[in-house]
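Hi,

Here is the structure I promised to pass on. Have a look at it first, and my notes on what turned up follow below.

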Amino acid sequence: FFQKTRTAVKNWFTLFGWSSGQNPISIPYSLRRDVCKIQMTSSEEKGFKQSLDKDSKTLYDMLFHLSGELLPSITTSRSLHLDPIERVWQLHHEHSTLLAFIKGKGAYLPHVMPEFLLDPDDYKKWIQVKTSDTDELRKGDVENSDKDLFILEDSSFETMSKRAWTDVLLQIYKVFVLPRVSSCKVTDLFSLGKVQTMPRIKSDPLSSNIYSPHERTILNWLNEHYEKNRKIVWRDCQKGEVPPMRWIVNFDRDLLDGLVLAAQLASYCPYLIATHFVRMYTNPRVPEQFLHNCLILVNAMNAVNLAVGMKV
């Protein structure tokens, strides 16, 4: 499940996270590596700067594109310290600033420590510095040198780093992308159709402890489109009758058969009805029929260039 989640997050941010088209990322490797346009190599022995392409994109470029804000005291054109200890302090400070910034916007990341966002070599240096009794510890941090310090083995750290970066990206999506959903637009869209046969899902913040108001607005959008279009899309269905009315209340089980998403796509691309959607099972019972429907849905998405890496 986690691998599928990480793949979905990687695909979305690769396609939509940047201001000038696609930019492939890997979690956590490219995020840890491309923290600035000029950076030090991870090997201490080499001791030279590695200049990245001037058009290379960093995590902070992505964050500025999605939020419209620059992080305090961080610029995308800076360079890292040559001294490995100073570099670790600098990176840790920047990751702390990143976490504080998105938490201030509503992100929930109590389990992610700044050091989990470092690469393995820098994490080892950070642990070495924090556990040493030398003057490398800065005065302001002596009292908290052992507070919330988690020492992880190499294999455990890599697992934790993947999880931490995935959760950071998910929370960035939650606080900067989901809020763009407007309930007013959905209300205006369907005020003309008078589709009132299904109860609406409340968008009040206290009406659900699972979905945010923006997610519940999307659920309303799914309900409205499905109820409005099910009799149109499958009026001449080849594999069953018009599907029954349903109330869509979640993003997993209610979307498994492909019919709800097909109804959304048909609202904007009605020409796909005759070429694709009339061949769907409207009352699927066995896994093969679910697979058949989802194959048609993905093929329809590809036909209109909605190639977002979705697997059947």
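Lys 105 is partly exposed, at a relative accessible area of 36%. Keep in mind as you read that this is a predicted model. The partner of Lys 105 is Glu 69: the two form a salt bridge, and their closest N and O atoms are 2.8 Å apart. What does that pair tie together? Lys 105 sits in the loop between helix H4 (84-104) and helix H5 (120-131), while Glu 69 sits in the loop between helix H3 (59-67) and H4, so the bridge joins parts that are 36 residues apart in sequence. Glu 69 is also partly exposed, with 32% relative accessibility.

That is one of 8 salt bridges in the structure. As you know, side chains of opposite charge can pair when their charged atoms come close. Two others are worth a click.

The first to look at is Lys 125 with Asp 122, where the N to O distance is 3.8 Å. Both residues belong to helix H5 and sit 3 residues apart, about one turn of the helix. Are they buried or exposed? Lys 125 and Asp 122 are both buried. They don't act as an isolated pair either, since Arg 87 is linked with Asp 122 and Lys 125 in a network of salt bridges.

Then there is Asp 167 with Arg 163, with the closest N and O atoms 2.9 Å apart. Here the two residues are 4 apart in helix H6 (residues 154-176), again about one helical turn. Their surroundings differ in accessibility: Asp 167 is buried at 10% relative accessible area, whereas Arg 163 is partly exposed at 42%.

On to the cysteines. How many disulfides does a search of the whole structure find? The count is 0. In case you want to look at individual cysteines, Cys 269 is buried at 11% relative accessibility, and Cys 294 is buried too, with a relative accessible area of 14%.

Next, helix packing. Two packed helices are described by the angle between their axes and the distance between the axes. For H4 and H6, the angle is about 35 degrees and the axes are 10 Å apart. The crossing of H4 with H6 is left-handed. Which residues meet there? From H4 come His 95, Leu 99, Phe 101 and Ile 102, and from H6 come Trp 165, Val 168, Ile 172, Val 175 and Phe 176. By type, the residues of this contact split into 8 nonpolar and 1 polar, with no charged ones.

Last stop: Ala 263, which is found in helix H9 (residues 259-268). Its relative accessibility is 0%, so Ala 263 counts as buried. Which residues is Ala 263 in contact with, leaving aside neighbours within four places in sequence? The contacts are His 225, Tyr 226, Asn 229 and Trp 234. Ala 263 and Leu 222 make another pair to pull up: 41 residues separate them in sequence, and their C-alpha atoms are 8.4 Å apart in space.

That's my tour. Shout if you'd like to go through any of it together.

Cheers

Notes. Residues numbered from 1 in each chain as written. Predicted model: local features only at pLDDT ≥ 70, side-chain atom pairs only at ≥ 80, totals over all residues. Heavy atoms only, no water. Salt bridge = Lys/Arg side-chain N within 4 Å of Asp/Glu carboxyl O. Buried < 20%, exposed > 50% of the residue type's maximum accessible area, 1.4 Å probe, protein only. Disulfide = S-S within 2.5 Å. Axes fitted to C-alpha atoms, helices over the stretch in contact; angles between N-to-C directions. Left-handed = near helix turned anticlockwise from the far one by under 90°. Contact = heavy atoms within 4.5 Å. Nonpolar A, V, L, I, M, F, W, Y, C, P; charged D, E, K, R; others polar.
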